[in-house]
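Hi,

Here is the structure I promised to pass on. Have a look at it first, and then read my notes below.

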Amino acid sequence: MSVTTPRGFRAAGVAAGLKASGGADVALVVNDGPDAGVAGVFTTNRVKAAPVLWSQQVVQGGVVRAVVLNSGGANACTGPAGFQDTHATAEHAAAVLTSVSPRLILGAGEVAVCSTGLIGERLPMPKLLPGVRSAIRGLSRDGGLAAAEAIMTTDTRPKTTVARGSGWTVGGMAKGSGMLAPGMATMLCVLTTDAVAGPATLDEALRAATRVTFDRVDSDGCMSTNDTVLLLASGASGIEPTPAELAAAVTEACHDLAQQLVADAEGATKQVAIDVVGAATEDEAVEVGRTVARNNLVKTALFGNDPNWGRILAAVGTTAAAFEPDEVDVAVNGVWVCRGGAAAEDRSKVDLTGRDVTIRIDLHAGTSAATIWTNDLSHAYVHENSAYST
């Protein structure tokens, strides 16, 4: 159940001393297959970390043989020196991989780099580069879980997945439990497949998948500088699925990882699905769902087990979506507490004692729908993020 489940991939995760905790903090995923196609989606934050800028260039080349990932430092807002650190990381990984695996003759332009952690500080290269070498020595077909553990920051558990096609497979790993807000991607994620697929097909499948999964996770309304999702294809199965089949499997894997992200969101006690139906367009359904997901009054009410539908309706009213206020219905965990923009069933019937919450909003303005996934806002979230850099 990891990035090494598809044939043609090895991975590793090691401790290089980047984290004060001494935990694993450098991961590596290597494609040994006959093909090396790649696609990627990245944060749309205008402030982009050095590894994002580097990996965007690498993905444009259409070939990636290795991905180096580190936690313990974002390498964001570090200027030209930080970009050079990323370049040096890719060069080092390419040189060492070539020296130990003669069949993998690659250059820095075939190595993507991803970083996560505190913004504004350069990475300790005297620790990172030996860590990359150590990860290369530790590469194995069983290294997927170790790699997933090495990219964790405030995550409480690793996040991995597998989706199976007919004779081919998609695997994946992700990290993320805070700063989860959309911009095509919402965290660090590496997806792998042993299907035969070129860069254009991979790109189409990945963008279709992220649009309805990662792009609709909105934990806290905060967009990271480092968000990256990469899809690598080894072609080791020898099977070329149809574009629709590949997109379906990639979407399945992304959906699973997206749900794991929400379940592990910082300080969360509730996992919330906001289903918006009856919208004039899908974009308007997304706007309504996202606005409710980001509303702190709604999120704190859920933390307090309070089905305060008035806060939900007020949030809907701040959007530009087409609807009539006196036609909107709202249900919380199956109880229609609001009908026609006014009180309906007794709110005391709503059971919010469990972790899973579903809010359904019917705008009665059309036939489009969308779901946004979020969580509540707890004391633990405030505490964790007030002390993150210390």
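**The sheet and the cavity**

Strands S11 and S12 pair in the antiparallel sense, with three bridges between them. Keep in mind that this is a predicted model. The two strands make a hairpin with two residues in between, and Asn 333 in that turn has a positive phi of about 50°. Across the pair, Val 330 sits opposite Cys 338 in S12.

S11 (329-332) also has S14 (356-362) as a partner. That pairing is antiparallel too, over four bridges, and here the bridge partner of Val 330 is Ile 361 in S14.

Which way do the S11 residues point? Asp 329 and Ala 331 go one way, while Val 330 and Val 332 go the other. That is what you'd expect, because side chains in a regular strand alternate between the two faces of the sheet. All four of these S11 residues are buried.

Now zoom out. The hairpin belongs to an open sheet of six strands with mixed pairing, in the order S13-S12-S11-S14-S10-S15. S13 (342-343) and S15 (368-375) are at the edges with a single partner strand each, so one side of each has no neighbour in the sheet. On the S15 side, S10 (residues 271-279) pairs with S15 in the antiparallel sense over seven bridges, and Val 272 stands opposite Thr 374 in S15.

Two helices to look for on the sheet:

- H7 (residues 282-293) packs on it and touches S10, S14 and S15, with a direction at about 20° to that of S15.
- H9 (residues 309-316) packs on it as well, touching S11, S12, S13 and S14, and its direction makes about 135° with that of S11.

What about empty space inside? Searching the whole structure turns up one cavity of 30 Å³ or more, and the largest cavity holds about 40 Å³ of space. Its lining is made up of Val 298, Ala 301, Leu 302, Asp 306, Pro 307, Asn 308, Trp 309, Ile 312 and Val 332. Helices H8 (296-303) and H9 are the elements that give two or more residues to this lining. Which element gives the largest share of the lining? That is H8, with three residues. By type, the lining residues of the largest cavity split into seven nonpolar, one polar and one charged.

One residue ties the two parts of this note together: Val 332, buried in S11, is also among the residues lining the largest cavity.

Cheers

Methods. Residues numbered from 1 in each chain as written. Predicted model: local features only at pLDDT ≥ 70, side-chain atom pairs only at ≥ 80, totals over all residues. Heavy atoms only, no water. Pairing = 2+ DSSP bridges. Contact = heavy atoms within 4.5 Å. Axes fitted to C-alpha atoms, helices over the stretch in contact; angles between N-to-C directions. Buried < 20%, exposed > 50% of the residue type's maximum accessible area, 1.4 Å probe, protein only. 1 Å grid on protein atoms, 1.4 Å probe; cavity = no way out; pocket = protein on both sides within 12 Å on 5 of 7 lines; lining within 4 Å. Points joined across faces, edges and corners; volume = space filled by probe spheres on them. Nonpolar A, V, L, I, M, F, W, Y, C, P; charged D, E, K, R; others polar.
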